[in-house]
Amino acid sequence: MTLPTEMRHVVLDSPGGPEQMRIVTGPTPAPKPDEVLIRVEAAGVNRPDIQQRKGLYPPPPGASPILGLEAAGAIAACGASVTEWRVGDRVTALCNGGAYAEYVAVPAAQCLPWPEGYTAIEAASLPETCFTVWANLFDLGRLAPGESVLVHGGTSGIGVTAIQLGTAFGAKIFVTAGSAEKCAACLELGAAGAIDYRASDFLAEIKSMTGGDGVDVVLDMVGAPYTQKNLRALRHGGRLVEIAFMEGSKVSELDLLPIMLKRLTVTGSTMRPRTTAEKGAIAASLRKIVWPWFAQRRVRPVIHAALPWVDVANAHHLMESGKHVGKIILQIS
């Protein structure tokens, strides 16, 4: 097929609020030898997009400066060394950037098959949260069937994915959320317990729900204010996994004694700076273990809203409001 030399994409005039974004015309990217070029049908909106828009999360060297970390669409071109995909294949992909556009170039190893029977909106909602949850809850967190997890932010994109993947894996998932309605949504998705953190102390509640034992893993995106309670919420041999610091990364006072007494592990990671090989290994695990769960409908996408990409500013406002349950998606074509 003949590819257009130009495409439309979202540009960020300068760091700041959602109004700094607009759609312009620019050159269509050319895939590198190990990349595919995807004609984007839908793209996910994620918290790192908000941080990049504010100037707080710059793209890694060599990545597209265009916002957007996940996309679904058909492959329009393949790099010279790509053998596992063909033009026309429908894929969903973890992007290093550039998904808020009509075309995005992505390492072939970071692509996954578009699950059969899913819409573009549903397919685009999968990569970022699935890659993040697998890498942190399963790899770093070493989650095993029968173990228990406390997930903060249960109705976020990460949260709804962690609830479902953890439950499908045979773990017991507890969550925190910001209202009774959000807690009810988490329970409907399969959470074993949900704590309204605005109405009660999550540490006391999780201790009560677990008979005083605590949980094996805490998946945290809040950061500093929760650190001490997270350590106390873990049982012997537990793991605290940090994936974001929405309320700060620096803890002024911290008692490290629980780490020693309970032999705890404190770890965490970010996804975007990882190498293509690392992301490809995660994709391989997802394709082998998690993608069949989507095919079997044991887990499902949770879409809060799908907006035309001309409304990208409203999508960011919605993300920042914290009122969503699940994913926010931009419809590109």
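Select residues 157-168, helix α4, in this predicted model. Eleven of the twelve residues of α4 are buried, so the helix is mostly covered, where buried means under 20% relative accessible area. The buried residues run from Gly 157, Ile 158, Gly 159, Val 160, Thr 161 and Ala 162 to Ile 163, Gln 164, Leu 165, Gly 166 and Ala 168.

Next, select the C-alpha atoms at the two ends of α4. What distance should the twelve residues of this helix span? At 1.5 Å a residue the expected span is 16 Å, and the end C-alpha atoms lie 17 Å apart, which agrees. After the helix comes Gly 170, which has a positive phi near 100 degrees.

**The nonpolar cores**

Now select Phe 131, Leu 137, Val 175, Leu 286, Val 290, Trp 291 and Phe 294. These are the residues with the most contacts inside the largest nonpolar core, which has 52 residues. Helix α4 is among the elements that give two or more residues to this core; the others are α2 (120-124), α3 (127-140), β8 (148-151), β9 (172-177), α5 (180-189), β11 (215-220) and α9 (276-295). A second core, separate from this one, has 38 residues and includes Val 45, Ala 99, Leu 307 and Leu 330.

Return to Leu 137 and display its surroundings. Which residues are in contact with Leu 137, once neighbours within four places in sequence are left aside? They are Thr 132, Arg 142, Leu 143, Val 149, Ala 162 and Val 217. Ala 162 is also one of the buried residues of α4.

**Helix α3 and the loop after it**

Select Pro 127, which lies in helix α3. Is Pro 127 buried or exposed? Pro 127 is buried, because its relative accessible area is 1%. Leaving out residues up to four places away in sequence, Pro 127 touches Glu 70, Thr 92, Ala 93 and Leu 94. For a distance across the model, add Thr 265: the C-alpha atoms of Pro 127 and Thr 265 are separated by 27 Å, and the two residues are 138 residues apart along the chain.

Proceed to Arg 142, in the loop between α3 and β8. Arg 142 counts as partly exposed because its relative accessibility is 44%. The phi of Arg 142 is positive, near 50 degrees, although this residue is not a glycine. Most residues other than glycine have a negative phi.

**A second positive phi**

Select Arg 297 in the loop between α9 and β14 (303-308). Arg 297 is not a glycine either, yet its phi is positive, at about 60 degrees. With a relative accessible area of 47%, Arg 297 is partly exposed.

**Two further loops**

Select Tyr 57, in the loop between α1 (47-53) and β4 (70-78). The relative accessible area of Tyr 57 is 22%, so this residue is partly exposed. Which residues does Tyr 57 touch, not counting those up to four places away in sequence? The residues are Pro 48, Gln 51, Gln 52, Arg 272 and Pro 273.

Finally, select Val 251, Leu 254 and Leu 256. Together they form a nonpolar patch on the surface, with about 230 Å² of accessible area. Val 251 is located in the loop between β12 (234-242) and α8 (257-261). Val 251 counts as partly exposed because its relative accessibility is 33%.

Note on methods. Residues are numbered from 1 along each chain as its sequence is written. This is a predicted model: local features need pLDDT of at least 70, side-chain atom pairs count only at pLDDT 80 or more; totals for chains, interfaces and linings use all residues. Side-chain values use heavy atoms; hydrogens and water are left out. Helices (H or I, at least four residues) and strands (E, at least two) are DSSP runs, numbered from the N terminus. The expected span of a helix is 1.5 Å times one less than its number of residues. Buried means under 20% relative accessible area, exposed over 50%, partly exposed in between (1.4 Å probe, protein chains only). A nonpolar core is a set of buried Ala, Val, Leu, Ile, Met, Phe, Trp, Tyr and Cys residues joined through side-chain atoms within 4.5 Å. Contact means heavy atoms within 4.5 Å. Patches are made of residues with over 30% relative accessible area and no salt bridge: like charges are joined within 9 Å, nonpolar side chains (Val, Leu, Ile, Met, Phe, Trp, Tyr) within 5 Å. Accessible areas come from the Shrake-Rupley method with a 1.4 Å probe; for residues, only the protein chains shown count as cover. A salt bridge is a side-chain nitrogen of Lys or Arg within 4 Å of a carboxyl oxygen of Asp or Glu.
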